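Dear colleague,

Please find below the structure we agreed to pass on to you. My notes on what was found in it follow directly after.

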Amino acid sequence: MSSNADATMTCPPPSQGKLITVLSIDGGGIRGLIPSTILASLEAKLQLDGPDARIADYFDVIAGTSTGALVTSMLAAPGENKRPLFAAKDINKFYLDNGPKIFPQARSGFLAPVTSLVGSLLGPKYDGKYLHDKIKSLTNDVTLADTLTNIIVPTFDVKFLQPIIFNTYEAKKDPLKNAHLSDICISTSAAPTYFPAHYFKTQDPSGKLPDSEYHLIDGGVAANNPTMAAISMITKEVLSRNPDFNHGKPAEYDNYLIISLGTGSPKQAEKYTAPECAKWGLREWLIDGSFTPIIDIFSHASADMVDIHAAVLFKALRVEKNYLRIQVDSLIGDTASVDIATKKNMDALIQIGESLLKKKVSRVNIDTGKYEVVDNEGTNEEALARFATKLSEERKLRQANLNSH
């Protein structure tokens, strides 16, 4: 890959190859440092094709919820020369520089818990202004249809009580679904109790259709792990005979190559007990130190259900190695929080991401919900290297087929 090929690096469609390639990134606030550390390793391995290789050049779909959508946008939004806004190795710096301003830490002192409780009862913990301004300055006027590869971002509409899954496929066909990337990222990051809900409208440029209005909160309430949302959207495109997918039937999931990155959970820390929760009222479910138990429980349950579904599906198809889930379920203390953006905690999250690379490939045990080491698949870093080779081979095959037409 030469540097003069930069402008043509985007991925040819799956119809030119054998696989459908998906990258999925969970929500989790400041814990986005964990998947972004892993993504830096993956992109470095993809540079077997040259130093200009970027993740968006190899994946048909990048799906992200909440903080995962912010990472997705950095990987897929066009910057200079229609190349990705960020290299994966630079995303951690974004979190380190901006995390403390997105999640300003409350003052300590004996009145701090009371102040925090009163604040949480009166409105969101954060006003979101810095986050909103930062997202807008990063993405400018980029819309969903402008992304360098297809992206999928779940949100939830509180007016109509239904998930809204923004995706590039529909945005290219329907101007009312072609929202600005900034509005989508602000919406999917609007975690209840943490950030305010987001309202915006989309317009039909021709003026023939009425405006669409959206009343959105964090997609994590519906799909904190967006892997199955991505598979569903792709299946929908296959069923609608999108020419990008003319080589297979919708149920042929053994053609998929999926990397799914979690942001960690405190499952093994055994954080709560039934006797303890049995005494809780609304206040305790809403606030427990730096945690919001009801939100944490919903998001972890949502993410785990998707992982179980995907793991069972790929096992049934005997293509387990085509699905790589990298997740840690032993977070403790501050690292389990979504909004403790101190330098110490952010450094600890990066260390967790780095240690995950050295750990053995694990898969969820559907009976216990815990991750168990898989024999003979090496470390997560070695698995990423194998995926990078497959992704490179698939991309070269597609380019060769495209050039032979």
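**Nonpolar cores**

In this predicted model, the largest nonpolar core has 59 residues, and Leu 23, Leu 39, Ile 55, Phe 59 and Leu 75 are the ones that touch the most other members. A second core of 24 residues lies apart from that one; Val 61, Ile 152, Val 238 and Val 364 are among its residues. In soluble globular proteins, nonpolar side chains tend to be buried together. Setting aside neighbours within four places in sequence, Phe 59 is in contact with Cys 11, Thr 21, Val 22, Leu 23, Leu 42, Thr 149, Ile 259 and Leu 391.

**Overall form**

The secondary structure of the protein consists of 14 helices and 10 strands. Its radius of gyration is 21 Å, close to the 22 Å given by the globule rule for 405 residues, so the protein is as compact as a globular protein of that length. The C-alpha trace spans about 70 × 60 × 35 Å along the principal axes.

Of the 405 residues, 55% count as buried. Among contacts with a separation of 6 or more, 75% are accounted for by residues 24 or more positions apart. The exposed area of the protein is about 18,200 Å², and carbon and sulfur atoms supply 56% of it. As to charge, there are 43 positive and 47 negative side chains, and the centres of these two sets lie 1 Å apart.

**The loop between H7 and S5**

Two residues of this loop deserve separate mention. Ser 189 is placed in the loop between helix H7 (181-188) and strand S5 (198-202). Is Ser 189 buried or exposed? Ser 189 is buried, because its relative accessible area is 10% and the limit for a buried residue is under 20%. Leaving aside neighbours within four places in sequence, Ser 189 is in contact with Ser 66, Leu 131, Phe 195 and Asp 218.

Thr 193 lies in the loop between H7 and S5 as well. With a relative accessibility of 27%, Thr 193 counts as partly exposed. Its phi is near 80°, a positive value in a residue other than glycine.

**Other loop residues**

Asp 57 is found in the loop between helix H1 (33-46) and strand S2 (61-64). The relative accessibility of Asp 57 is 0%, so this residue counts as buried. Thr 10 is 47 residues away from Asp 57 along the chain, yet the C-alpha atoms of the two are separated by 4.6 Å.

Ser 206 is located in the loop between S5 and strand S6 (212-218). At 47% relative accessibility, Ser 206 counts as partly exposed. How far apart in space are Ser 206 and Ser 66? From C-alpha to C-alpha they are 32 Å apart, with their positions 140 residues apart in sequence.

Finally, Arg 318 lies in the loop between helix H12 (293-316) and strand S8 (323-326). Arg 318 has a relative accessibility of 75% and therefore counts as exposed. The phi of Arg 318 is near 60°, which is a positive value in a residue other than glycine.

With kind regards

Technical notes
Residues numbered from 1 in each chain as written. Heavy atoms only, no water. Helix = DSSP H or I, 4+ residues; strand = E, 2+ residues; numbered from the N terminus. Rg over C-alpha atoms; globule rule 2.2 N^0.38 Å. Buried < 20%, exposed > 50% of the residue type's maximum accessible area, 1.4 Å probe, protein only. Contact = heavy atoms within 4.5 Å. Areas by Shrake-Rupley, 256 points an atom, 1.4 Å probe, with all protein chains shown as cover. Lys, Arg positive; Asp, Glu negative; His and termini not counted. Charge placed at Lys NZ, Arg CZ, Asp CG, Glu CD. Core = buried A, V, L, I, M, F, W, Y, C linked by side-chain atoms within 4.5 Å.
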